[in-house]
Amino acid sequence: MSKFLTSHWWATFFVLFFPLAVMYGYADFIRESELNARVGWLLMIGGFAYLFRHSILQKFFLAILIAFVISGALDILYAVTFGGVFMSASLEALVYTDSKEGFEFALAYIGLENTLLLSVYLVLSYVALRQVVFQSAASRTQKTLVVLGVLMLVFALQQFDQRGRFFEVVPGFAGVAMDFPKNRQSLEEVIAERKKRYETADFSATKAIEDPQTYVIVIGESLNRNHMSLYGYDRETTPNLDKLATESIVFKDAVTAYAQTRPSLSVSLTSVSHAQLNEAQTALSLMEIFKKAGFKTWWISNQQPLRYPTSAIAAIADQSHFISHDFHGVEAYRYDGYMTPYIEKAMEDTAKHKVIFVHMMGSHLHYRSKYPADQFEVFTDDKGIQAYTDKLSKSQISDINAYDNSVLYSDSLLRGWINKLRQSQGISGLLFFADHGEEVFDSKNFKGHGPDGVTRHMLEIPLIFWRNQSYQDTFSNVDKTVYEQRNQSVMLDDLFHLTLCLTQVGSSLYDANRALCTPNYQPKQRIIYGKPYEDYLK
Ligand SMILES: [Zn+2]
């Protein structure tokens with residue numbers, strides 16, 4: 001036993017896996033790559049250590065492990081204190097903290113549990129690293145381990161080369177921190193370019209009328225409309241939207257162009273079509289149009305601050321707020337309802353013309369942490385579930401229930417925001433859509449979304465426009481046309497044009513043929529990942 005405790009294997013194993021064990025105990029959701037990357041590094045460092053007879057190489061071994069100790073210490077602190085794992089948003093939140101705040105922050109979060117676990121980790125790591133006795137590979141097993149270590153290095157380099165980021169190759173804080181400067185710099189360039197383009201681009205944007213107007217554009221997340229009672233789901237997951245249906249236009253046949261956030265929002269919020277995805281980064285967005293037309297603009301988000309294309313679009317807004325910063329970047333249990341005070345404040349702003357973008361976390365994995373369980377743990381058995389099989393496992397049922405509860409929570413938030421909007425002066429409207437849907441064991445044994453194995457549940461999204469009486473009276477022609485056309489097929493890459501039409505903002509970038517609310521609207525064949533949408537219906 002003592003031989004094992006002085007081996008380089010024990011030291012490496014302890015340094016890498018103690019933080020992971022703490023994360024499993026405290027954090028609500030851990031990426032699979034955390035475990036895989038740590039196993040990979042264990043094999044790599046462990047295998048190579050047999051070749052480290054020279055003292056300089058031994059120092060190199062120690063340096064790598066000390067780096068992992070520092071990274072592991074931060075993982076432990078973060079997991080115990082905030083119940084989450086380090087993400088780029090956590091670092092972003094830290095960067096926004098100045099040193100005085102940082103100190104107060106540290107004081108506020110020092111506790112018995114985090115201090116104790118951190119001390120155990122540091123002391124045992126110190127002991128393990130001091131005692132390491134280096135051996136050269138003598139037995140056949142040890143020689144095999146050396147080869148395995150070399151293979152792991154090749155694999156890690158190949159993974160890094162393929163993905164261009166450390167995130168999945170280096171575990172914990174270290175991986176996130178290594179990617180951070182590059183991400184941040186390239187994002188800052190994109191933001192600067194978008195700001196410059198707003199100043200210099202030749203485009204027009206004008207309001208139809210000068211009456212007071214407030215529009216709220218809510219972007220949902222991973223919301224499959226087949227899980228909404230508003231769209232016929234057996235479970236009453238959207239009781240509030242169901243009631244508001246008589247005051248809303250519910251579009252029956254909207255699909256996303258992509259089952260991923262980034263490409264979907266790149267084409268829905270800008271003027272380009274899905275075939276021009278590559279041009280989206282340089283295309284003008286709804287934000288620039290509204291701003292130029294004289295609206296005061298907001299971007300309020302519960303999503304990560306360091307993301308394309310939303311960060312750059314948010315940077316154009318007169319005011320933007322990522323509530324992630326208020327929560328030290330922790331994603332779990334950071335409910336969308338925490339945006340409500342910011343949204344209400346924007347609605348109460350004295351500006352006469354306002355457009356407020358709201359970006360929800362909605363029903364993203366991990367579903368259970370997206371709604372307050374004390375009020376919204378409503379679906380708990382298997383009643384009303386429609387799934388790919390009759391023989392769902394307990395954990396599948398539990399995931400579906402959590403997903404449906406998250407939908408119920410979003411529904412109640414939307415009601416609150418709409419009720420607040422009713423109090424606004426003049427014309428008001430709220431447009432709600434989701435960036436894409438979600439497969440929740442609906443048509444196959446899978447939960448999530450993405451470009452591989454796409455199903456219709458990842459594509460079919462809600463699209464709803466609530467508007468007040470003043471809107472209906474003032475824009476009666478548009479209102480009538482769009483109501484009549486609500487069953488027409490539409491794809492989210494035309495949302496830009498639909499939104500301009502609904503808000504009656506004129507622009508040189510506007511294309512009436514792509515706007516569902518004009519008589520000219522021409523439904524197009526919806527090609528998604530190179531296949532017609534109809535192919536996904538099977
Ligand atoms: Zn998404």
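## Tyr529 and Gln504: two unusual backbone angles

Let's start with Tyr529 in this predicted model. Is Tyr529 buried, exposed or something in between? It counts as partly exposed, because 15 C-beta neighbours lie inside 10 Å, while a residue needs 20 or more to be called buried and 12 or fewer to be called exposed. Look for Tyr529 in the loop between β13 (527-528) and β14 (531-532). Its backbone is worth a look too: phi is positive, at about 50°, although Tyr529 is not a glycine. Most residues other than glycine have a negative phi.

Gln504 has a positive phi as well, of about 55°, and again this residue is not a glycine. You'll find Gln504 in the loop between α20 (495-503) and β12 (505-507). How does Gln504 count in terms of burial? With 19 C-beta neighbours inside 10 Å, Gln504 is partly exposed, since the cut-off for buried is 20 or more.

## Two cis peptide bonds

Most peptide bonds are trans. Now check the bond from Tyr308 to Pro309: this one is cis, with omega near -15°. Pro309 sits in the loop between β4 and α13.

Which other peptide bond should you look at? The one from Leu365 to His366 is also cis, and omega there is near 0°. His366 belongs to the loop between β6 and α15 (373-376). Follow the chain back from His366 by 33 residues and you reach Tyr333; the C-alpha atoms of these two are 9.9 Å apart. Tyr333 has its place in the loop between β5 and α14 (340-348). Tyr333 counts as partly exposed because it has 17 C-beta neighbours inside 10 Å.

## Strand β4 and its partners

Next, find strand β4, which covers residues 296-301. How many of its six residues are buried? Five of them are, so the strand is mostly covered.

β4 has strand partners to trace. With β6 (residues 353-359), β4 runs parallel, joined by six bridges. One pair to look for is Ile300 and its bridge partner in β6, Val358. With β5 (residues 319-322), β4 also runs parallel, and here four bridges do the joining. In this pairing, Trp299 stands opposite Ser320 of β5. To get from β4 to β5, the chain passes through helix α13 (residues 310-316), making a right-handed β-α-β crossover.

## Strand β7, buried on both faces

Now move to strand β7 (residues 427-434), where eight of eight residues are buried. Which way do they point? Ile427, Gly429, Leu431 and Phe433 point one way, while Ser428, Leu430, Phe432 and Ala434 point the other way, and all are buried.

What does β7 pair with? β2 (residues 213-220) pairs with β7 in the parallel sense, over eight bridges. Within this pairing, Tyr215 has Gly429 as its bridge partner in β7. β7 also pairs with β10 (residues 460-467), this time in the antiparallel sense and over five bridges. Here Leu430 is matched with Trp466 in β10.

## The nonpolar cores

Some of these strand residues turn up again in the largest nonpolar core, which has 104 residues. Which members touch the most other members? They are Ile300, Val358 and Phe433. Helix α16 (residues 394-422) gives this core its largest share, 11 residues.

Zoom in on Val358 for a moment. Leaving out neighbours within four places in sequence, Val358 is in contact with Val216, Val218, Ile219, Ile300, Met339 and Ile343. Apart from the largest core lies another one, of 42 residues, including Met23, Ile45, Phe48 and Val69.

## Two domains and where they meet

Finally, zoom out to the whole chain. The chain is divided into domain 1 (2-184) and domain 2 (213-537). Their C-alpha centres lie 39 Å apart. How many residues does each domain put into the contact? Domain 1 gives 15 residues and domain 2 gives 12.

On the side of domain 1 that touches domain 2, α5 (88-95) and α9 (172-200) each supply at least two residues. α5 contributes the largest share of that side, six residues. What kinds of residue make up this side of domain 1? They divide into seven nonpolar, five polar and three charged.

Methods. Residues are numbered from 1 along each chain as its sequence is written. This is a predicted model: local features need pLDDT of at least 70, side-chain atom pairs count only at pLDDT 80 or more; totals for chains, interfaces and linings use all residues. Domain bounds come from an automatic or database domain assignment. Two residues are in contact if their C-beta atoms, placed from the backbone, lie within 7 Å. Ala, Val, Leu, Ile, Met, Phe, Trp, Tyr, Cys and Pro count as nonpolar, Asp, Glu, Lys and Arg as charged, and the others, Gly among them, as polar. Two strands pair if DSSP finds at least two bridges between them. A crossover is right-handed if, with the strands pointing away from the viewer, the path from the first strand over the helix to the second runs clockwise. A nonpolar core is a set of buried Ala, Val, Leu, Ile, Met, Phe, Trp, Tyr and Cys residues joined through C-beta atoms within 7 Å.
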